[in-house]
Amino acid sequence: MPSNLKPALSILRYALSAFLAVWVVEKFLHPETTVAIWKHFYLVEAMPEVGSYVIGAIQAVALLGFVLGVAKFWSYGFWLVTHSLGTVLSYKQLLNPYDSVNHLFWAAVPVAAAFLLLFLLRREDTLGTLGK
């Protein structure tokens, strides 16, 4: 195993955690944005703003587990699945990258790959974790 693998995985986990924190905090600061996103992408017509707080709370707990490297199968897996699902559900924007600002949706693709990489190497990601 390369000697720089553990620091590299730790840096990746912290960078992804910062990325996620922006979206988690948004659930509390701008719940109307979450409502609009769920209406547009997930076809949830009438989600109350309190739904944003519930989703944010669940994501905050998952983020804490992720950044601390606790229950890696579940915390890393949660973010791999939820981020990848969100990326797949934006397929219309991905298929039309030059329509409006759709090219920005492509930033989610390498992020999904980073989540997959970290999930696959979760046993090697031990630097700065509380998990096994």
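**Figure 1. Asp125, a buried residue in the segment after α6.** In this predicted model, Asp125 has a relative accessibility of 0% and therefore counts as buried. The residue belongs to the segment that follows helix α6. Apart from residues up to four places away in sequence, Asp125 touches Leu9, Ser10, Arg13, Lys72, Tyr76 and Leu118. One of these residues, Arg13, is also its partner in a salt bridge.

**Figure 2. The salt bridge between Asp125 and Arg13.** The structure holds one salt bridge. The closest N and O atoms of Asp125 and Arg13 are 2.7 Å apart. Because Arg13 lies in helix α1 and Asp125 in the segment after α6, the pair ties together parts that are 112 residues apart in sequence. Both Asp125 and Arg13 are buried.

**Figure 3. Tyr76 and its surroundings in helix α4.** Is Tyr76 buried or exposed? Its relative accessibility is 1%, so Tyr76 counts as buried. When neighbours within four places in sequence are left aside, Tyr76 is in contact with Arg13, Phe66, Gly69, Leu118, Phe119, Arg122, Asp125 and Thr129. Both partners of the salt bridge, Arg13 and Asp125, are thus named among the contacts of Tyr76. Between Tyr76 and Gly65, which are 11 residues apart in sequence, the distance in space is 8.3 Å from C-alpha to C-alpha.

**Figure 4. Helix α4 and the residues it buries.** The 18 residues of α4 should span 26 Å at 1.5 Å a residue, and the distance of 25 Å between the end C-alpha atoms agrees with this value. Lys72, Ser75, Tyr76, Gly77, Trp79, Leu80, His83 and Thr87 are the buried residues of the helix. An α-helix has 3.6 residues a turn, so residues three or four places apart point the same way. The cover over the buried residues of α4 includes α1, α3, α5 (91-95) and α6. Gly86 is also found in α4, but this glycine is partly exposed, with a relative accessible area of 22%. Gly86 and Pro7 are 79 residues apart in sequence, and their C-alpha atoms are 28 Å apart in space.

**Figure 5. The largest nonpolar core.** This core has 16 residues. Which of them touch the most other members? They are Leu16, Leu20, Phe66, Trp79, Phe115 and Leu118. Two or more residues of the core come from each of the helices α1 (5-29), α3 (49-68), α4 (72-89) and α6 (108-120). In soluble globular proteins, nonpolar side chains tend to be buried together. A closer view of Phe66 shows contacts with Arg13, Leu16, Ser17, Leu20, Ser75, Tyr76, Trp79, Phe115 and Leu118, leaving aside its neighbours within four places in sequence.

**Figure 6. Helix α3, from its buried residues to the glycine that follows.** Helix α3 has 20 residues and reaches 29 Å from its first C-alpha to its last, close to the 28 Å expected at 1.5 Å a residue. Gly51, Ser52, Ile55, Gly56, Gln59, Ala62, Leu63, Gly65 and Phe66 are buried in this helix. These buried residues pack against α1, α2 (31-41), α4 and α6. Just after α3, Gly69 takes a positive phi of about 70°.

**Figure 7. A nonpolar patch on the surface.** The patch is formed by Phe28, Val50, Tyr53, Val54 and Ile58, which together have about 450 Å² of accessible area. Helix α3 gives the largest share of the patch, with four residues. Phe28 lies in helix α1. At 37% relative accessibility, Phe28 counts as partly exposed.

**Figure 8. The setting of the close-up views in the protein chain.** How many helices and strands does the protein chain contain? Its secondary structure comes to six helices and zero strands, in the order α-α-α-α-α-α along the sequence. The C-alpha trace spans about 45 × 35 × 20 Å along its principal axes. Of the 132 residues, 35% count as buried. Among contacts between residues at least 6 apart in sequence, 69% join residues at least 24 apart. The accessible surface comes to about 8,100 Å², and 75% of this area belongs to carbon and sulfur atoms.

How values were computed
Residues numbered from 1 in each chain as written. Predicted model: local features only at pLDDT ≥ 70, side-chain atom pairs only at ≥ 80, totals over all residues. Heavy atoms only, no water. Core = buried A, V, L, I, M, F, W, Y, C linked by side-chain atoms within 4.5 Å. Buried < 20%, exposed > 50% of the residue type's maximum accessible area, 1.4 Å probe, protein only. Contact = heavy atoms within 4.5 Å. Salt bridge = Lys/Arg side-chain N within 4 Å of Asp/Glu carboxyl O. Patch = residues over 30% accessible without salt bridge, like charges linked within 9 Å, V, L, I, M, F, W, Y side chains within 5 Å. Areas by Shrake-Rupley, 256 points an atom, 1.4 Å probe, with all protein chains shown as cover. Expected span 1.5 Å × (residues − 1).
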